[in-house]
Amino acid sequence: MCFYFTMKVNSTLSYFILGAYEHVGNLKYLYFMLTAMLYIVIVIVNISLIVVICMNRSLHEPMYLFLCSLFVNELYGSSGLFPFLLVQILSDIHNVSAPLCFLQIFCLYTYGGVELLNLAVMSYDRFLAICYPLQYNTLMTFNKAVVFIAVIWFYSFVKFLITLSLNIRLTFCGNIINSLICSNYLVVKLACSDTQVNNIYGLFGIILTILVPLLPILFSYMRILKICFCGSKQTRQRAVSTCTPHLASLLNFSFGCFFEIIQSRFDMTNVPRLLRIILSLYFLIIQPLLNPIMFGLQIPLRGVCNVILGSTK
């Protein structure tokens with residue numbers, strides 16, 4: 001299958017050129033070091049929290065399983081961006097082979113799909129914990145959480161695999177992508193063959209990507225707000241403490257995706273170049289760093305201490 005994929009892509013186009021890079025001289029080494037340090041920090045904080053959750057039995061609860069899935073996805077998305085970005089920063093010729101470009105597109109877009117669905121399931125989990133605290137352990141069990149996580153990843157991969165299979169069949173008349181990374185929309189714009197099917201399924205895919213997570217999020221928070229207005233002060237405090245990190249993560253990721261859509265579909269030549277770069281990479285850089293910081297504060301200190309003490313025995 002991999003051999004067929006490579007031959008299919010090479011039969012139409014062998015490489016793309018990333019046109020957003022500019023010659024910066026020796027500053028590229030500074031940019032490389034800063035980007036590498038950021039990637040190292042993201043890897044360390046996410047892996048640390050995954051290890052804490054996996055090694056501490058008291059944290060083997062649905063909420064922490066969803067957090068673990070979220071941290072794994074941050075590592076997955078970061079690995080689809082940073083190694084590629086580091087190579088391009090040091091390179092003088094910003095070419096990327098077509099198979100590698102499509103692989104990056106697959107990684108980054110499935111990362112986005114998993115992220116939104118994971119946040120949607122977490123909102124439903126918080127709804128059950130706040131609105132049905134006595135029945136929570138029955139309504140959201142360990143096995144149900146595992147099934148939710150498996151469905152999230154499988155659904156996201158299959159949905160975008162269809163998009164990718166349609167894109168690699170296209171015939172391209174250009175190979176310059178005006179971006180720092182491979183973008184699905186910008187690649188399809190280079191096609192000179194009929195893209196009607198791609199556009200129809202792409203629109204359908206966007207609707208699914210947005211509506212499927214949005215419905216449980218809206219439902220959950222409407223019910224949570226209703227409980228907060230009618231409930232006691234203790235209930236409101238509990239809702240605020242558990243939902244604030246989730247809402248912050250959801251809003252941050254939504255803004256990042258919105259910036260990326262604006263960046264790729266509209267003329268941004270009047271916007272300063274540095275700001276364009278920040279907006280194009282915002283949701284891929286800030287989200288993997290923000291989530292472990294915010295949600296890590298929700299992990300009980302005793303869980304971290306137990307892992308540390310257990311490793312010293």
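A cavity is here a set of grid points where a 1.4 Å probe fits but cannot get out, and its volume is the space filled by probe spheres set on those points. In the predicted model analysed here, a search of the whole structure returns one cavity of 30 Å³ or more. The volume of the largest cavity is about 60 Å³. Its lining is formed by Met63, Phe66, Met122, Asp125, Arg126, Thr242, His246, Phe295 and Gln298. Helices α3 (62-90), α4 and α9 (233-265) each contribute at least two residues to this lining, and the largest share, three residues, is drawn from α4.

One lining residue of the cavity, Phe295, also belongs to the buried set of helix α10. Helix α10 comprises 24 residues, spanning positions 273-296. The distance from its first C-alpha to its last is 34 Å, close to the 34 Å expected at 1.5 Å a residue. A kink of about 65° is nevertheless present in α10, centred on leucine 281. Leu281 itself is buried, as are Leu279 and Ser280. The buried residues of α10 further include Phe283, Leu284, Ile285, Gln287 and Pro288, and towards the end of the list Asn291, Pro292, Met294 and Phe295.

Burial is next considered for the nonpolar core. In soluble globular proteins, nonpolar side chains tend to be buried together. The largest nonpolar core of the model contains 82 residues, among which Phe16, Leu81, Phe172 and Ile177 touch the most other members. Helix α4 provides the largest share of this core, with 20 residues. Helix α4 is thus a recurrent element of the description, as the largest share of the lining of the largest cavity also comes from α4.

The covalent cross-links were examined in turn. A disulfide is a covalent bond between the sulfur atoms of two cysteines. Two disulfides are found in a search of the whole structure. The first to be described joins cysteine 101 to cysteine 182, with an S to S distance of 2.1 Å. An angle of -130° about the S-S bond makes the link of cysteine 101 and cysteine 182 left-handed. Because cysteine 101 lies in helix α4 (residues 98-131) and cysteine 182 in the loop between β3 (176-177) and α7 (184-189), this pair ties together parts that are 81 residues apart in sequence. Cysteine 101 counts as buried because its relative accessibility is 0%, and cysteine 182, with a relative accessible area of 1%, is likewise buried.

The other disulfide is formed by cysteine 173 and cysteine 192, whose sulfur atoms lie 1.8 Å apart. The angle about the S-S bond in the link of cysteine 173 and cysteine 192 is 85°, and the link is right-handed. Cysteine 173 occupies the loop between α6 (142-167) and β3, whereas cysteine 192 occupies the loop between α7 and α8 (196-230), the two being 19 residues apart. Cysteine 173 is exposed, its relative accessible area being 57%, while cysteine 192 counts as partly exposed at 42% relative accessibility. With bonded cysteines counted along the chain, the disulfides follow the pattern 1-3, 2-4.

Two further cysteines were assessed for accessibility. Cysteine 107 has a relative accessible area of 14% and is buried; cysteine 131, at 14% relative accessibility, also counts as buried. Both assignments follow because residues under 20% relative accessible area are classed as buried.

Conventions:
Residues numbered from 1 in each chain as written. Predicted model: local features only at pLDDT ≥ 70, side-chain atom pairs only at ≥ 80, totals over all residues. Heavy atoms only, no water. Helix = DSSP H or I, 4+ residues; strand = E, 2+ residues; numbered from the N terminus. Expected span 1.5 Å × (residues − 1). Bend = angle between axes of the 7 residues up to and from the residue. Buried < 20%, exposed > 50% of the residue type's maximum accessible area, 1.4 Å probe, protein only. Disulfide = S-S within 2.5 Å. Core = buried A, V, L, I, M, F, W, Y, C linked by side-chain atoms within 4.5 Å. 1 Å grid on protein atoms, 1.4 Å probe; cavity = no way out; pocket = protein on both sides within 12 Å on 5 of 7 lines; lining within 4 Å.
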